[in-house]
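Student: Could you take me closely through one loop residue and its surroundings, and then through the aromatic pairs? I would like the cut-offs behind each term as you go.

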Amino acid sequence: MIEVDVFEGRITVKGHASYADKGKDIVCAAVSALFQTLIGSMEKITEDSIKYCLVPGESFLKYEELSYESRIMLDSFFIGIRSLADEYPEYVKNNLIKKIK
């Protein structure tokens, strides 16, 4: 199962979906695409200071103050993760209830 946790100033994505064989796992690919797009967009579109690590099974994004644009990107990421968790509840657990800075 993939778990997405949100803390103040940090998002973590841990685990593996195990929906299908490696290389054919659409759930894992979807979560990875959302997270990588969030990070890439924040880097290219904003001047916000972020730190991240993209490692299979345990990735994170750290941030402090975010611009309006980054907040919109975060909201979009959260919508995508919630949709995946609703569609594939056995494979994605979203812990997005926590307060975000």
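Tutor: What follows begins with a single threonine and then turns to the aromatic rings.

This is a predicted model, in which local features need pLDDT of at least 70 and side-chain atom pairs count only at pLDDT 80 or more, while totals for chains, interfaces and linings use all residues. Residues are numbered from 1 along each chain as its sequence is written, and side-chain values use heavy atoms, with hydrogens and water left out.

Thr46 sits in the loop that runs between helix 1 (26–45) and strand 3 (50–53); helices (H or I, at least four residues) and strands (E, at least two) are DSSP runs, numbered from the N terminus. With 11% relative accessibility, Thr46 counts as buried, a term that means under 20% relative accessible area, whereas exposed means over 50% and partly exposed lies in between, using a 1.4 Å probe and protein chains only. A polar atom of the Thr46 side chain lies 2.6 Å from the backbone oxygen of Met42, and the side chain of Thr46 also reaches the backbone nitrogen of Asp48, at 3.2 Å. When neighbours within four places in sequence are left aside, Thr46 is in contact (heavy atoms within 4.5 Å) with Ser41, Ser67, Glu69, Ser70 and Met73.

As for the aromatic rings, a search of the whole structure finds four pairs, where rings of Phe, Tyr and Trp (its six-membered ring) pair if their centres lie within 6.5 Å, and planes under 30 degrees apart count as stacked, over 60 as edge-to-face and the rest as tilted. One of these is the edge-to-face pair of Tyr19 and Tyr91, with 5.1 Å centre to centre and 85 degrees between the planes. Because Tyr19 lies in the loop between strand 2 (10–15) and helix 1, and Tyr91 in the loop between helix 2 (68–87) and strand 5 (92–95), this pair ties together parts that are 72 residues apart in sequence. Tyr19 is partly exposed at a relative accessible area of 35%, and Tyr91, at 21% relative accessibility, also counts as partly exposed.

The rings of Phe35 and Phe77 have centres 5.6 Å apart and planes at 45 degrees, so their pair is tilted. This pair links distant parts of the chain, since Phe35 belongs to helix 1 and Phe77 to helix 2, 42 residues apart. Phe35 is buried, with a relative accessible area of 2%, and Phe77 is buried with a value of 2%. Ring pairs also link Tyr19, Tyr88 and Tyr91 into a cluster.

Methods
Polar contact = N/O pair within 3.5 Å; in protein donor to acceptor, adjacent residues only side chain to side chain.
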